[in-house]
Amino acid sequence: MEPQLLHGVTDSVATVVIRHPAKRNAMTADMWRSLPPLLDRLAADPDVRALVLTGEGGTFCAGADISTLRGSPDEAQGLAVGAEEALAAFPKPTLAAVRGHCVGGGSQLAAACDLRFAEEGALFGVTPAKLGIVYPASSTRRLVSLVGPATAKYLLFSGELIDAERALRTGLVDEVLPEGGLDKRVAEFARILVSRSQLTQAAAKEFANGRTDRDTHWAEQARGSGNTAEGVAAFLERRPPRFTWTTSR
């Protein structure tokens, strides 16, 4: 099978699947290049309200395909960072569903998602020290924001793998599911995400990511959205809310 990113949309949830079975879903240069435009298309799709990133089979992503580093390591790293930043900038909630190895570039992609759910037995590692690579500054800062400086240093200095339980304790993972329970929980949580206010989610994502220049914008959006009135009415009438604000506004 050719290495590629598969995608589909079901019930307002976009799913992107990393497929490279010959190398435990390692990302090739073409796969890194293809992710940002794919995300742009999905972000522009009004039917998409959340995104799940996962790997095919029993592995999330074993990192970058090392053979791509033989030509120009700087170019390969630039492609990985570009894909990571595009994922982090996706305007709707993103969730990484992790089973098996989530290593190197795979950890970069998982960290760029808003949330990470893992199956028992998953392994996480940030491995540039094994290859003599300087981990990108933006990726390092993102890792530190998730796990704190001490754990980030442990991962970056050693390149050692940690299990899902330790990843949960350190904040790298948000939930750990028993074997066989990941897909059901991800689908369940995705349904929760698509039922909530996109206005709330979009503003919260910017604020949580540290943006400080859009307070007025979001206050204006809230006043004109009708979301609060609909949410209160739905609560009082004991029915699901019908929020109309979308990120395309």
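What follows is a friendly exchange about how some labels for this predicted model are reached.

Me: Before the labels, what are the ground rules for this model?
Reply: The model is predicted, with local features needing pLDDT of at least 70 and side-chain atom pairs counting only at pLDDT 80 or more, while totals for chains, interfaces and linings use all residues. Residues are numbered from 1 along each chain as its sequence is written, and side-chain values use heavy atoms, leaving out hydrogens and water.

Me: Why is Thr54 called buried?
Reply: Buried means under 20% relative accessible area, exposed over 50% and partly exposed in between, with a 1.4 Å probe and protein chains only. Thr54 has a relative accessible area of 11%, so Thr54 counts as buried. Its place is in strand S3 (residues 50-55); a strand is a DSSP run of E with at least two residues, a helix one of H or I with at least four, and both are numbered from the N terminus.

Me: What makes the link from the side chain of Thr54 to the backbone oxygen of Ala97 a polar contact?
Reply: A polar contact is a pair of N or O atoms within 3.5 Å; within protein, one must be able to donate a hydrogen and the other to accept it, and residues adjacent in sequence count only if both atoms are side-chain atoms. Here a polar atom of the Thr54 side chain lies 2.8 Å from that oxygen. Ala97 is also among the residues that Thr54 touches, as are Thr15, Val17 and Phe60; contact means heavy atoms within 4.5 Å.

Me: And Thr170, why is this residue called buried?
Reply: Its relative accessibility is 18%, so Thr170 falls on the buried side of the cut-off. Thr170 sits in helix H5 (residues 164-170), and its side chain reaches the backbone oxygen of Ala167 at 3.1 Å. Leaving aside residues up to four places away in sequence, Thr170 touches Leu146, Val147 and Thr151.

Me: How do you know that H1 and H2 are roughly parallel?
Reply: Axes are lines fitted to C-alpha atoms, for helices over the stretch in contact, and angles run from 0 to 180 degrees between N-to-C directions. Angles under 35 degrees count as roughly parallel, over 145 as roughly antiparallel, 65 to 115 as roughly perpendicular and the rest as oblique. The axes of helix H1 (residues 29-44) and helix H2 (residues 73-88) cross at roughly 25 degrees and come within 9 Å, and H1 and H2 are therefore roughly parallel. Trp32 and Leu39 are among the H1 residues in the contact, with Leu79 and Ala83 among those of H2.

Me: Why are H7 and H8 called roughly antiparallel?
Reply: Helix H7 (residues 198-208) and helix H8 (residues 215-225) pack at about 170 degrees, with axes 11 Å apart. H7 and H8 are therefore roughly antiparallel. The contact includes Leu199 and Phe207 of H7, and Trp218 and Ala222 of H8.

Me: How do you know that S1 and S2 pair?
Reply: Two strands pair if DSSP finds at least two bridges between them. Strand S1 (residues 4-10) and strand S2 (residues 13-19) are joined by seven bridges and run antiparallel. Gly8 stands opposite Thr15 in S2, and the two strands form a hairpin with two residues between them.

Me: What makes S5 and S8 edge strands?
Reply: The open sheet has three strands in the order S5-S7-S8, with mixed pairing. Strand S5 (101-103) and strand S8 (162-163) each have a single partner strand, so one side of each is left without a neighbour in the sheet. S5 pairs with strand S7 (residues 123-125) in the parallel sense over three bridges.
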